[in-house]
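Biologist: Could you take one part of this protein and walk me through it slowly? I'd like to hear about the places where the ligands sit, and then whatever else around them is worth a look.

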Amino acid sequence: MKILVINPGSTSTKLAVYEDLEQVWRESVFHSAKELARFHHINEQYEYRRMHVLDALQRAGIPMAFDAIIGRGGLLRPTPGGVYQINEQIKYDLWHASVEHASNLAAPMADEFASQIGCPSFIADPVVTDELRDVARFSGIPEIPRQSVFHALNSRAVSRRYAASIQKHYEELDLVVAHLGGGISVSAHRHGKVVDVNNALDGEGPFSPERAGTIPARQLVDLCFSGKYTQKEIHKMLNGRGGLLAYLGTTDVQTIVRWVHAGNVRHKQVLEAMVYTVAKQIGAMHVALHGHTDAIILTGGIAHNAYVVSLLREWIEGLARIVVIPGEDEMGALAMNALGVLKGELPLQKYEAIDNG
Ligand SMILES: Nc1ncnc2c1ncn2[C@@H]1O[C@H](COP(=O)(O)OP(=O)(O)O)[C@@H](O)[C@H]1O
Ligand SMILES: CCCC(=O)OP(=O)(O)O
């Protein structure tokens, strides 16, 4: 079976072709901040990214002929994990999503290509995968229920990989997964369900290379009403221009670590502060598993960095076994999900909103 995988991220569009589970082609098209600056809304990037996908396939000499096309699921309404056939409701909800993220473009694009060639199109484990315990939904303000928005695909993929490495099923284990990328999410996996997680796009939990974490709420409200900033500017402070970028002017942890090793005190202070917020969130998720965690998995691009991992270990050593699975395997996880459905080994979920109010 031949499968095309489309994964638009904030700074890149990742593409891959699989023959069954073997990756036969992969390309990551980088989009610089300068290039993207001309777009005022994520939907305006649709045509631009679509052309990049077609161009990359053409340059590689890959014909548009697939058994299925699967994209990363974006900011739909809250929904359980699994594989979904893309339908009109999914496309409508992504196109009208109140939160902008490049992953919102994957399903409309996958479906457009699929309908041209007459194959099915899917998404799997969208970022809004919602399996929160009811007790985790309360924020303290009834109008503001907590929401599950995180790196569902990779967090689950590395969990399954770890489980397989110890000859267990994912559903048998209790795991804390810290995905450390441009955004950071720390999720609590209780026997295969993500029962709690910080909302990685919405100013909750650790701060990250480009996002603010939990903010002192009163000060944020005062800032909103100060007249100094527009609503869009405040949103950007939380997501896009927050975190390391706001403090140090870069999202690149590798560069920051080089500055630290060169003796820069400010870079060291801010990096340690970010790590501290991640460690606290890991502690919180350990409690969400009743203090019984089989393993803490560190994943995402930043987990490549031995120095950052060592800083984190200093806080969390002793809580549970620490397993480092750097990078991400979102493309492989998407291909595996599409293949599972094509072979009838995985069920197709029905897209319905969960009423979590
Ligand atoms: N090999 C590496 N070593 C250290 N840090 C890395 C490495 N690769 C990526 N990073 C850092 O990881 C962050 C991006 O993580 P990544 O998971 O690639 O991001 P995204 O969330 O955009 O997919 C950046 O701060 C980058 O500097
Ligand atoms: C939490 C939604 C997914 C997300 O943040 O992805 P990136 O870190 O890749 O932007």
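Modeller: Here is a walk through the two ligand sites, followed by the core, two aromatic pairs and a few loop residues. Keep in mind that this is a predicted model.

Let's begin with ligand 1. Its surroundings come from several stretches of the chain: Gly181 and Gly182, then Thr251, Asp252, Val253 and Gln254, and after those Gly300, Gly301, Ile302, His304 and Asn305. Sorted by class, that shell holds 2 nonpolar, 8 polar and 1 charged residues. Which atoms come up to the oxygens of ligand 1? An N or O atom in the side chain of Asp252 is 2.7 Å from an oxygen atom of the ligand. The backbone takes part too, with a polar backbone atom of Val253 at 2.9 Å from a ligand oxygen and one of Ile302 at 3.3 Å. As for cover, ligand 1 on its own has 570 Å² of accessible area, and the protein covers 69% of that.

Now for ligand 2. The residues around ligand 2 are Ser10, Arg72, His101, Val127, Val149, Phe150, His151, Gly183, Ala200, Leu201 and Arg211. This shell is made up of 5 nonpolar, 4 polar and 2 charged residues. Two side chains reach oxygen atoms of the ligand: Arg211 has an N or O atom 2.6 Å from one, and His151 has a polar side-chain atom 2.8 Å from one. Gly183 adds a backbone contact, with a polar atom 3.3 Å from an oxygen of ligand 2. Here the protein covers 91% of the 300 Å² of accessible area that the ligand has on its own.

If you scroll along the sequence, you'll see that Gly181 and Gly182 belong to the surroundings of ligand 1, while Gly183 belongs to those of ligand 2.

Next, the packing. The largest nonpolar core has 36 residues, and those touching the most other members are Val186, Leu271, Ile282, Leu298 and Leu312. Quite a few elements feed into this core with at least two residues each: strands E7 (174-180), E8 (184-190) and E10 (295-300), along with helices H8 (243-248), H9 (253-261), H10 and H11. Of these, H10 is the biggest giver, at 9 residues. Some ligand 1 neighbours sit in these same elements: Val253 and Gln254 are around the ligand and fall within the residue range of H9.

H10 turns up again when you look at aromatic rings. The structure holds 5 aromatic pairs, and I'll pick out two. Take Tyr84 and Tyr351: their ring centres are 6.4 Å apart and their planes stand at 80°, so this pair is edge-to-face. Tyr84 is in strand E5 (residues 83-85) and Tyr351 is in the segment after strand E12 (348-349), so the pair ties together parts that lie 267 residues apart in sequence. Both tyrosines are buried. The other pair is Tyr276 with Trp315, which is tilted, with 4.9 Å from centre to centre and 50° between the planes. This one links helix H10 (residues 265-288), home of Tyr276, to helix H11 (residues 306-316), home of Trp315, and the two residues are 39 apart in sequence. Are these two rings buried or exposed? Tyr276 has 37% relative accessibility and therefore counts as partly exposed, whereas Trp315 reaches 51% and is exposed.

Finally, some loops. Asp20 is in the loop between strand E2 (12-19) and strand E3 (22-30), and at 31% relative accessibility it counts as partly exposed. What makes Asp20 worth a glance is its partner in space: Ala335 is 315 residues away in sequence, yet the C-alpha atoms are 7.8 Å apart.

Two other loop residues share a backbone feature. Gln167, in the loop between helix H5 (152-165) and E7, has a positive phi near 55° although it isn't a glycine. His290, in the loop between H10 and E10, has a positive phi as well, near 60°, and again this is a residue other than glycine. Both are exposed, Gln167 with a relative accessible area of 70% and His290 with 69%.

Key
Residues are numbered from 1 along each chain as its sequence is written. Chains are lettered from A and ligands numbered from 1 in the order in which they are written. Side-chain values use heavy atoms; hydrogens and water are left out. A residue is near a molecule or strand if one of its heavy atoms lies within 4 Å of it. A polar contact is a pair of N or O atoms within 3.5 Å; within protein, one must be able to donate a hydrogen and the other to accept it, and residues adjacent in sequence count only if both atoms are side-chain atoms. Accessible areas come from the Shrake-Rupley method with a 1.4 Å probe; for residues, only the protein chains shown count as cover. Ala, Val, Leu, Ile, Met, Phe, Trp, Tyr, Cys and Pro count as nonpolar, Asp, Glu, Lys and Arg as charged, and the others, Gly among them, as polar. Rings of Phe, Tyr and Trp (its six-membered ring) pair if their centres lie within 6.5 Å; planes under 30 degrees apart count as stacked, over 60 as edge-to-face and the rest as tilted. Helices (H or I, at least four residues) and strands (E, at least two) are DSSP runs, numbered from the N terminus. Buried means under 20% relative accessible area, exposed over 50%, partly exposed in between (1.4 Å probe, protein chains only). A nonpolar core is a set of buried Ala, Val, Leu, Ile, Met, Phe, Trp, Tyr and Cys residues joined through side-chain atoms within 4.5 Å.
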